[in-house]
Amino acid sequence: MNFKMLSILVFVLAFAEALSAQDFQGVATYKSRRQVDLKMEGKNMTDAMQQQIADQLKKQFEKTYILTFDRNQSLYKEDEKLAKPDLGASGGFQIKVSQSRDILYKNTAARRYERQEDVLGKIFLVQDSLQKPDWKLEKETKSIGDYTCFKATRTEEVNSQTFESDSMKTKDTTFTKTITAWYTPQIPVSHGPAMNWGLPGLILEVQDGKESIMCSQIVLNPEDKIVIEAPEGGKIVDEASMKAIQEEKMNEWLERNSSNGEDGKTFTIKIGG
């Protein structure tokens with residue numbers, strides 16, 4: 001065992017002892033970005049207009065999330081203070097990305113989660129069991145801020161829907177993606193952003209397909225005590241039922257909007273809820 005690994009081990013053991021002696025809590029801030037691959041065709045669609053649309057999409061996908069946690073519970077939601085307002089039209093085009101601001105609660109000890117989300121104006125409360133991801137622990141390390149992080153990977157089969165504006169229909173595709181996470185044993189809790197968890201340390205960075213999530217700040221044991229509570233309100237469903245509802249609502253939306261967009265100036269893109 002080299003000196004670096006020994007130092008980390010000693011730190012973790014000391015920190016774990018401190019955890020058992022106090023009401024350990026923390027707040028982590030994450031920044032998310034998504035790569036935008038956009039291809040639009042039309043006799044009036046210039047390269048400049050397409051770039052403008054891509055830039056608007058990119059800005060709307062840049063979000064800040066807050067993860068509050070203790071040893072067994074976590075709450076993950078968008079930072080409302082920094083939520084971006086709708087961008088005004090520029091050059092005749094306006095892109096509106098409608099995303100529900102989900103509130104995700106996880107209890108790793110009880111192996112359950114609850115997620116409150118808005119689907120086209122209706123509130124749902126998803127309650128289901130928490131399945132531990134099948135991570136593969138790698139030897140590679142890197143530093144994120146003051147923390148030494150270790151790499152972990154897993155694969156996941158994804159069912160994706162591609163929207164085709166000419167037919168106003170969605171095309172289903174299935175593919176396998178690799179998710180890469182970087183976790184630090186220096187904060188020995190198994191939490192992380194979104195549904196990423198189950199590693200021997202707090203997850204500070206995730207590369208999930210075209211989305212990246214990076215921790216920008218961590219506050220351990222803040223002066224003001226944190227209260228972590230599961231969200232309340234909304235129709236209670238499980239995850240399988242929620243996916244069926246989302247598909248149904250998407251099809252309803254497509255039917256309502258199949259004759260819209262004739263002026264070519266406003267695009268509405270639905271993601272998730």
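In this short talk I will go through one proline, P222, and then one strand, β2, with its two partners. Please keep in mind throughout that what we are looking at is a predicted model.

Let me begin with P222, which sits in the loop between β12, residues 211–220, and β13, residues 235–237. Is this proline buried or exposed? With a relative accessible area of 23%, P222 counts as partly exposed, because buried would require under 20% and exposed would require over 50%.

If we now ask which residues P222 touches, leaving aside those up to four places away in sequence, we find Q25, G26 and V27. A related pair is P222 and F24, which are 198 residues apart in sequence, although their C-alpha atoms are 9.5 Å apart in space.

One of those contacts, G26, takes us on to the strands, since G26 stands opposite F69 in β2. Strand β1, which covers residues 25–34, pairs with β2 in the antiparallel sense, and the pairing runs over 8 bridges.

As for β2 itself, this strand spans residues 63–70 and is mostly covered, with 7 of its 8 residues buried. Strand β2 also pairs with β3, residues 73–78, again in the antiparallel sense, over 5 bridges. Within that pairing, the bridge partner of T68 is L75 in β3, and the connection from β2 to β3 is a hairpin through 2 residues.

So, to retrace the path on the structure, you can start at P222, step across to G26, which P222 touches, and from G26 go over to F69 in β2.

Key: Residues are numbered from 1 along each chain as its sequence is written. This is a predicted model: local features need pLDDT of at least 70, side-chain atom pairs count only at pLDDT 80 or more; totals for chains, interfaces and linings use all residues. Side-chain values use heavy atoms; hydrogens and water are left out. Helices (H or I, at least four residues) and strands (E, at least two) are DSSP runs, numbered from the N terminus. Buried means under 20% relative accessible area, exposed over 50%, partly exposed in between (1.4 Å probe, protein chains only). Contact means heavy atoms within 4.5 Å. Two strands pair if DSSP finds at least two bridges between them.
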